[in-house]
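Hi,

Here is the structure we talked about. Please take a look before you read my notes underneath.

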Amino acid sequence: MRVVTWNLWWRFGPWEARQKAILSVLRELRPDVVGLQEVWAAGGENLAGWLADELGLHWAWAPSPAPERWRRRLPDAADGPVDIGNAVLSRWPVTEQETLLLPAPADLADGRLALYARLAAPAYDVPFFTTHLTSALGAAAVRGEQVTALAEFVAARRGGTPFPAVVTGDFNAWPDSDEIRLFGGYKTPSAVPGQVFYDAWEYADPAAPSVTWTPENPYAARLLEPPVRIDYIHVGPPGPVGEGHVRAVRRAGHGPVDGVWPSDHAAVVADLATP
């Protein structure tokens, strides 16, 4: 099962050209499941819906309840309201869907979410999640509260199947940060006692380029931040016969397509075992 996570940089920059580049990358990857962050919807159109139609996939969408702060950053805001949210694309039908509003103080409350979608794969259900944590540089404590809420949200919905929960998203946190260690639960006590999620990149070739946020990308370079991996695919321990074991992991979308960078983030791609 091929899983992708990707932050699509909403409607910023040359978004119409970027939309075609995003589709090109996903079409080449041929994913089974995709977790998307910063997905736009406007005027009856939805980027996730368009991608799903083009790729022949099912989809689920969770709009932010507080898009106003995002809208103020758009140069074409006068053209009409644009919504932002998370989405899931899936080769298999979505049989359940729920949304969690992540906790945040008033000055950072811009409607960040976690989206749960239960996927009816042929042999067993797949509990799949995608999320987008706050990006404020000094907000590690807030992200800690958010991953705790996320871990509890996942714990209540991951059962009833031998396939481990898959949690994707833009965590806006470095791999050795307290937030990521807390969510993983195998380098420090877990946010939910006994619940463990492997960072899929633990299975990568140590020499493989890993950063998903880098000044090599002109959209990211403007912020003058160091290169780092902040986008993740987390997977619970494999099932009884190896269900969900990470067989391979790599980046994608980390360069221009016909001269256009698809997003300010690179995507992460993991192939999970489906015995």
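Below are my notes on the sheet, a helix and some salt bridges.

Please keep in mind that this is a predicted model.

The sheet comes first. It is open, has 6 strands and shows mixed pairing. The strand order is β6-β7-β8-β9-β11-β10. β6 (94–101) and β10 (198–199) are the edge strands; each has a single partner, so one side of each lacks a neighbour in the sheet. β6 runs antiparallel to β7 (residues 113–120), and 7 bridges join the two. In this pair, L101 sits opposite L113 of β7.

Next, the helix. α4 (residues 140–155) lies across β6, β7, β8 (125–132) and β9 (166–170). Its angle to β6 is about 155 degrees.

Now the salt bridges. The whole structure has 10. Three of them follow, including two that link separate parts of the chain.

- D199 and R229: the closest N and O atoms are 2.9 Å apart. D199 is in edge strand β10, and R229 is in the loop between α6 and β11 (231–235), so the pair ties together parts 30 residues apart in sequence. D199 is buried at 6% relative accessibility, and R229 is buried at 9%.
- E202 and K187: the closest N and O atoms are 3.4 Å apart. E202 is in the loop between β10 and α6 (218–221), K187 in the loop between α5 (178–184) and β10, so this pair ties together parts 15 residues apart in sequence. E202 is partly exposed at 44%, as is K187 at 47%.
- R112 and D110: their side chains meet at 3.1 Å, N to O. R112 is buried at 7%, and D110 is buried at 12%.

Best wishes

Definitions and conventions. Residues are numbered from 1 along each chain as its sequence is written. This is a predicted model: local features need pLDDT of at least 70, side-chain atom pairs count only at pLDDT 80 or more; totals for chains, interfaces and linings use all residues. Side-chain values use heavy atoms; hydrogens and water are left out. Two strands pair if DSSP finds at least two bridges between them. Helices (H or I, at least four residues) and strands (E, at least two) are DSSP runs, numbered from the N terminus. Contact means heavy atoms within 4.5 Å. Axes are lines fitted to C-alpha atoms, for helices over the stretch in contact, and angles run from 0 to 180 degrees between N-to-C directions. A salt bridge is a side-chain nitrogen of Lys or Arg within 4 Å of a carboxyl oxygen of Asp or Glu. Buried means under 20% relative accessible area, exposed over 50%, partly exposed in between (1.4 Å probe, protein chains only).
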